[in-house]
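Please walk through the structure below with the model open alongside the text. The account starts with one ion pair and then turns to the chains, their contact and selected residues.

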Amino acid sequence: MSDLLPTLAPLPVLVPLLGAAGTLVFGRQPRIQRLVMLVLLAAVVVICALLLYLVDRDGTTALQVGGWGTPIGITLVVDRLSATMLLVSSIVLLAVSTYAAGQNIRDGDDRQPTSIYRPTYLVLTAGVSAAFLAGDLFNLFVGFEILLAASFVLLTVGATADRIRAGIAYVMVSMVSSLIFLTGIALAYAATGTLNLAQLAVRMGEVPNGIRMAVYAVLLVAFGIKAAVFPLSNWLPDSYPTAPAPVTAVFAGLLTKVGVYAIIRTHTLLFPDGGFDNILLVCGLLTMLIGIFGAIAQSDIRRLLSFTLVSHIGYMVFGIGLGSAAGLAGAVFYVAHHILVQTSLFLVVGLIERQAGSVSLRRLGGLAAASPLLAVLFLVPALNLGGIPPFSGFIGKVALLQAGAADGRVLAWVLVAGSVVTSLLTLYAVARVWSKAFWRPRTEAPEGHLTAAKPPTLVEDSTDVLYDERTDPGRMPLLMVLSTTALVVVGLCLTVFAGPILRIADRAATDLSDPAVYIGAVLGHSDADHPVASKGAK
Amino acid sequence: MSANLTLLILIGILVACGVYLILERAVSKMLLGMILFGNAVNLLILTVGGRGGRPPIRGEAEHTGAETADPLAQAMVLTAIVITMGLAAFVLALAYRSYILTTTEDVQNDPEDVEVATRREGEDPER
């Protein structure tokens, strides 16, 4: 049984990659393609659940790919943090692909030249898993590149003018961040002669402080762009809203979180003495506040949600910046919560678009009467995002606030106040969506007579038509509603099972705040130049 | 480790030119800037690679002369070059598509952003 873990570890990367090849083979048989994709993603969910169970039982495990030793070979590392992230992201990926399947069946996209969509989606899955599993900086970079390349294709699929405009900005920003990341890799390699995270962690201790800070600063800028932390977040709300609903949903849920994961990993492992903690805290505060102010100014629901996405990244940065185990546990729980909630909100927006033909608050109205189910599906994750007491958003925020209060510095208290304000403003933003889109009659909306006849699909663009002349009656396909409901329910499970999940987050944070655990798992006793490792292994 | 000063200066010049070009609005110029920047980073990796004769793949003890280079740096540069090239091809396709659709390949402002920016003070976003 103990051999199972190293066998399973590479599968979250290998299965989707092989699946991408498989779906390409069935490019002309959309039904088989769809079936292959759903079965494989379901398999990935099972594998990730098993991984989390085994890792939680056995502790951090490292796998040397191909049997090469630590400084040369590729290392995959599974610890509680990466296993948790893998499980949550695979659940989201499965739900979104079911949603997309429902949309394709309904819209008849099968006849359109979008057979590239599913292979690319599977490549994205592989990239996300590779980034979570990577045990050295360069493979983290490669994981990022795999998921970015796939996301470029997904964002611009269909190639309408809007998507090309958003796509160019997104591609350029991502490439710049990748090049900065690569510069950071070069600097780290120059300073230490290794890129293996565990070995880096050991050798970074011997590097002069100034050089270490320089390497950290470069890496932090690169990850900050990917995670959309405030001064580097302006690209996100312009890029995400133009893509079709399933693509936006998976981007919103996962891509920024991979950046957050990279920040957590480097912060806890390579630079545990917290040189930039105060800067992280200030950036977290600004991310929260400026993000949510941006959300309030928007009238397009999808853009509004993109701004709340930026805003809530601030909470995770808050937890990381505190540097304590409690702060990290709060951040880990909040990441899991936010992936689920933000993705389900974007899926619901896709359903709103289908039901009402638009996502602009200037045009929407009367949705609560038209579809009570849709109203519930929106309300539950929206309140969850705002942090209303029984939901997991509240639990995550309380964990972070407690960690901030325990920290006791003035800056931490400012952050505590800031996150309460942000939480209230988030409630205001989603309540505004609720009152405009769901509660008021459509006739009172300033442009209520206009609507897009058909929501934008993978290929076509939508055009404005009069509300009375709609050809699509706006019923929601069963598969789309089911997958959205399932994701909302999983989000609720975070509340119901908050106890055990918080305990896993706590254990993950305890592992994280002691780099010796990770170093010991990767290097073992074998290498001579690792005083910390031998200390940690005992 | 002794670094090569000429190469370091060259890297500086390449980065400066690259960043200058990335600040342009035309996609093709941005792409050129990106490629310059990418090459600068590749050179940086090569420059900072391990000492000659101590390749990690053969162990890090002093046992060979200076006739072997650091294979790890070469492998990383190779990977980075391939990635940059693939993405450059993709950006070229994007620029072409943008030119077909809008007869220009400049990056446009986000229309919703412009709308929010031109909204008058106190104006209800839903009006």
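**Salt bridges, interface and buried positions**

In chain B, B:E24 and B:K29 form a salt bridge through their side chains, with an N to O distance of 3.9 Å. The model is a predicted one. B:E24 has a relative accessibility of 28% and is therefore classed as partly exposed. B:K29, at 38%, is partly exposed as well. In general, side chains of opposite charge can pair when their charged atoms come close.

Over all chains, the whole structure holds 10 salt bridges. One of them links A:D79 to A:R265, with 2.9 Å between the closest N and O atoms. A:D79 sits in the loop between β2 and α4 (80-107) of chain A, and A:R265 sits in helix α11 (residues 245-270) of chain A, so this pair ties together parts that lie 186 residues apart in sequence. A:D79 has a relative accessible area of 3%, which is why it counts as buried. A:R265 is likewise buried, at 4%. For residues to count as buried, the relative accessible area must be under 20%.

A further salt bridge joins the side chains of A:R409 and A:D407, at 2.8 Å from N to O. Here A:R409 is partly exposed, with a relative accessible area of 32%. A:D407 is also partly exposed, at 26%. Elsewhere in chain A, salt bridges link A:D56, A:R80, A:R507 and A:D511 into a network.

How many salt bridges does the rule find across the interface of chain B and chain A? The number is 0. The count of residue pairs in polar contact across this interface, with both residues at pLDDT 80 or more, is also 0. On the side of chain B that touches chain A, the elements giving two or more residues are α2 (27-48), α3 (71-102) and α4 (111-118) of chain B. The largest share of that side comes from α3(B), which supplies 13 residues. By residue class, the side of chain B that touches chain A consists of 26 nonpolar, 8 polar and 10 charged residues.

The size of an interface is often given as the accessible area lost when the parts come together. For chain B and chain A, the area buried between them is about 3900 Å², and 71% of it is on carbon and sulfur atoms. The contact draws 44 residues from chain B and 44 residues from chain A.

Chain A itself contains 22 helices and 4 strands. Of its 538 residues, 65% are buried. Among the contacts in chain A between residues at least 6 apart in sequence, 79% join residues at least 24 apart.

Two of the strands can be followed in detail. Strand β1 (residues 61-65) of chain A runs antiparallel to β2(A), and 5 bridges join the two. A:A62 has A:V77 as its bridge partner in β2(A). Strand β2 (residues 74-78) of chain A is mostly covered, with 4 of its 5 residues buried.

Among the helices, α9 (residues 209-227) of chain A includes A:F223. The relative accessible area of A:F223 is 0%, so this residue is buried. Beyond its neighbours within four places in sequence, A:F223 is in contact with A:L140, A:F144, A:F181, A:G259, A:A262, A:I263 and A:T266. Measuring C-alpha to C-alpha, A:F223 and A:V13 are 21 Å apart in space, while 210 residues separate them in sequence.

A:A228 belongs to the loop between α9 and α10 (235-239) of chain A. Most residues other than glycine have a negative phi. A:A228 has a positive phi, near 60 degrees, although it is not a glycine. With 0% relative accessibility, A:A228 counts as buried.

The last position is in helix α19 (residues 478-496) of chain A, where A:T484 lies. Is A:T484 buried or exposed? A:T484 is buried, because its relative accessibility is 0%. Leaving out neighbours within four places in sequence, A:T484 is in contact with A:Y99, A:S344, A:L347, A:V348, A:L351 and A:L377.

Conventions. Residues numbered from 1 in each chain as written. Chains lettered and ligands numbered in written order. Predicted model: local features only at pLDDT ≥ 70, side-chain atom pairs only at ≥ 80, totals over all residues. Heavy atoms only, no water. Buried < 20%, exposed > 50% of the residue type's maximum accessible area, 1.4 Å probe, protein only. Contact = heavy atoms within 4.5 Å. Buried area = accessible area lost by both parts, 1.4 Å probe. Salt bridge = Lys/Arg side-chain N within 4 Å of Asp/Glu carboxyl O. Polar contact = N/O pair within 3.5 Å; in protein donor to acceptor, adjacent residues only side chain to side chain. Nonpolar A, V, L, I, M, F, W, Y, C, P; charged D, E, K, R; others polar. Pairing = 2+ DSSP bridges.
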